[in-house]
Amino acid sequence: MSRQLNGSVTPEKRLGQNSIVQPLLTDLYQITMAYAYWKSGKIQDHAVFDLFFRKNPFQGEFTIFAGLEECVKFLDKFSYSKSDIDYIRQILPPTVEEEFYKYLGTLDARGVSFYAVKEGSVVFPRIPLLRVEGPLIVVQLLETTLLNLVNYASLIATNASRYRMASNKLKLYEFGLRRAQGPDGALSASKYSYIGGFDGTSNVLAGKLFNIPVKGTHAHAYVTSFNNLSELVIKTLEPKTGGKPVDFVALAIKWRESIVSVFNVMLSEVNDGEFAAFISFAISFPNGYLALVDTYDVKKSGLVNFSAVALALLDLGYEPIGIRLDSGDLAYLSVVARNLFIKISEQFKRPQFANLMIMASNDINEETILSLNEQGHEINAFGIGTHLVTCQKQPALGGVYKMVEINGHARIKLSHDVGKVTIPGRKDVYRLYGENGNALIDLLQKSSEAPPKVGEKVLCRHPFEESKRAFVTPSKVEKLLVLYWQNGKICQPLPNMQEIKERVVDSLRILRADIRRTLNPTPYKVAVSDDLYRYLHDLWLENAPIGELA
Ligand SMILES: Nc1ncnc2c1ncn2[C@@H]1O[C@H](COP(=O)(O)OP(=O)(O)OP(=O)(O)O)[C@@H](O)[C@H]1O
Ligand SMILES: O=P(O)(O)OC[C@H]1O[C@H](OP(=O)(O)OP(=O)(O)O)[C@H](O)[C@@H]1O
Ligand SMILES: O=C(O)c1cccnc1
Ligand SMILES: [Mg+2]
């Protein structure tokens, strides 16, 4: 516990790469298709794929794009080792020609051009988050891994950003390791919830790998492991500025006797095991004293014991940190605690006491935080596990990877569900801003079209509904897809964790409040240019067979 809640680590190191991200982390069908493409003479074919999603998660109207750095690092090390190829040989049928395995051994991502939206940006349905161009076989082989790297990362970053918005400036700590979807899910959850707006994690390995601040309190087990004060082996504590050790137990006992009346309880109601636990924890961490106060009874025991020990620490020059509440009515108990802290601060002239941290945990989700806000509370920090890391409200982001062009010819995927029809061709995306700096609309254009210009009117059309169209005169135009990888090189500096975190904040700021809100948010507009609209619909008609009624 060298890093208590008041500790900090500067997160400037580059994100670590997860070692299980490798070419075999894919679906078998990618490799099967690679063989069939190879066998069909498609080695020279050149394809363009878009990675996008169709619906924002959590009944919201925005998504935070994350996972980019891992994607670029994956491209950088994409190649099949000898043991990978030996394994593939075992799982494919014996009819697969040996030449194919030699070919697989030569593959890498040098021929791939990879465009992406900047990590941490707010994104919307249908806009390509990634545009991946290159040899058909290679870009096909990348599909599953890229989707895996983007979908959960973006889901968690979005979830975390929603918790961040709901809790304003309060501290948020991710406590989900024990409930996460396995070890990799847990590590990703810690990393991307930090990016999305959390202040730290309890996950020590995530802290080490990604340089995220690591934080923690203690569990009920620590409290229940003590029965009474006679179990205390060490009873003394040196004052903060040094000098003779003081009988800390006697000091805490004296304080407890003086404050029980403030709490309106009898000394016999206050639990001695809990008192012993708090004293011993304070002796171990005099600068990081934060106690879990709900093991027995928050009002009759936890707050009394905590306060007696905190006052004793103050006498010795230490600054206690606060309490954690892990059950009961968190709004009510936080207000009770704050009022008592204020009362003590006034009665005993200890101004610090009024500002002690009140941390809350226990199955917290976005709705709980919003409800607590409505009720009024005195919580300064939330510890959030299950709902955050499992994204219980929506456990997956439905990102897809679709071919939009092959050998210079646009491709369209039709569907009875209009929303699932893909927008064909190699495209660029422009975010058009209004006078007040808010984002107005994202416009998809064929890459061959001239970009929209500031101050020039541009026609924006709904991709599928003919009557929905609008002129927009942007005061700022932002090209969203940036080239990150080409000719085997990373060609754009990859931002560090802190910069990505800041981008999330800035990116959400440019969204109108009604798009960000939780209840019935307004959808953000994603449009196509007039040219792309016609192109899309011509191709649709060309590819949709005319039925015959009999
Ligand atoms: N003021 C509040 N408003 C809305 N939800 C709250 C409030 N206080 C607590 N909650 C939530 O209510 C739930 C209470 O959980 P539960 O019914 O398991 O009781 P508990 O307090 O954990 O009881 P126990 O003492 O048995 O552990 C948690 O999900 C918690 O986040
Ligand atoms: O509630 P979450 O959002 O998942 O946050 C993490 C929880 O994990 C810990 O206890 P645990 O759940 O292991 O035991 P408890 O519920 O009995 O306290 C902690 O006390 C929180 O309650
Ligand atoms: O440090 C804590 O308080 C903590 C860590 C993980 C889970 N629950 C609580
Ligand atoms: Mg729990």
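## Report on a predicted protein chain with three ligands

Gln59 sits in the loop that joins strand E1 (46-52) to strand E2 (63-64). In this predicted model, the phi angle of Gln59 is near 55°, which is a positive value in a residue other than glycine. Most residues other than glycine have a negative phi. Gln59 counts as exposed because 12 other C-beta atoms lie within 10 Å, and the limit for that class is 12 or fewer.

A second residue with a positive phi is Asn362, where the angle is near 115° although the residue is not glycine. Asn362 belongs to the loop between strand E12 (357-360) and H14, and with 17 C-beta neighbours inside 10 Å it is classed as partly exposed. Asn362 is also one of the residues that surround ligand 1.

**The chain as a whole**

The protein chain contains 18 helices and 23 strands, and its C-alpha trace spans about 90 × 55 × 50 Å along the principal axes. Of its 550 residues, 44% count as buried. Among the contacts between residues at least 6 apart in sequence, 74% join residues at least 24 apart.

The chain is divided into domain 1, made of residues 2-159 + 395-543, and domain 2, made of residues 221-368. The C-alpha centres of domain 1 and domain 2 are 51 Å apart.

UniProt, in an unreviewed entry, lists two domain features, named there "Nicotinate phosphoribosyltransferase N-terminal" and "Nicotinate/nicotinamide phosphoribosyltransferase". The table sets out the computed content of each of these ranges.

| Residues | Helix | Strand | Distance between end C-alpha atoms |
|---|---|---|---|
| 24-151 | 43% | 16% | 18 Å |
| 322-422 | 32% | 21% | 53 Å |

**Surroundings of the ligands**

The shell around ligand 1 consists of Ser327, Gly328, Asp329, Leu330, Ala331, Asn362, Asp363, Ile364, Thr368, Ser371, Leu372 and Gln375. Helix H13 (330-347) and helix H14 (366-375) each supply at least two of these residues, and H14 gives the largest share, with four. By class, the shell around ligand 1 divides into four nonpolar, six polar and two charged residues.

Ligand 2 is surrounded by 13 residues, of which the closest are Phe175, Asp326, Ser361, Gly385 and Thr386. Strand E13 (381-384) and helix H15 (386-389) are the elements that give two or more residues to this shell. The shell around ligand 2 has three nonpolar, six polar and four charged residues.

Around ligand 3 lie Phe175, Ser202, Gly216, Thr217, Arg324, Ser361, Gly383 and Gly385, a set that comprises one nonpolar, six polar and one charged residue. Phe175, Ser361 and Gly385 thus appear both among the closest residues to ligand 2 and in the shell around ligand 3.

**Helix H7**

How does the span of helix H7 (residues 182-196) agree with its 15 residues? At 1.5 Å a residue, H7 should span 21 Å, and its end C-alpha atoms are indeed 21 Å apart, so the two values agree.

H7 is largely enclosed by the rest of the structure, because eleven of its 15 residues are buried. These buried residues are Ala186, Leu187, Ser188, Ala189, Ser190, Lys191, Tyr192, Ser193, Tyr194, Ile195 and Gly196. An α-helix has 3.6 residues a turn, so residues three or four places apart point the same way. After H7 comes Gly197, whose phi is positive, near 135°.

**Ile490 and its contacts**

Ile490 lies in strand E22, which covers residues 489-490. Is Ile490 buried or partly exposed? Ile490 is partly exposed, because 15 other C-beta atoms lie within 10 Å, whereas a buried residue would need 20 or more.

Apart from its neighbours within four places in sequence, Ile490 is in contact with Val72, Asp76, Tyr484 and Trp485. Ile490 and Ile358 are 132 residues apart along the chain, and their C-alpha atoms are separated by 45 Å.

Terms used: Residues numbered from 1 in each chain as written. Chains lettered and ligands numbered in written order. Predicted model: local features only at pLDDT ≥ 70, side-chain atom pairs only at ≥ 80, totals over all residues. UniProt positions renumbered as here; feature names shortened; annotations may be inferred. Near = placed C-beta within 6 Å. Nonpolar A, V, L, I, M, F, W, Y, C, P; charged D, E, K, R; others polar. Contact = placed C-beta atoms within 7 Å. Domains from an automatic or database assignment. Expected span 1.5 Å × (residues − 1).
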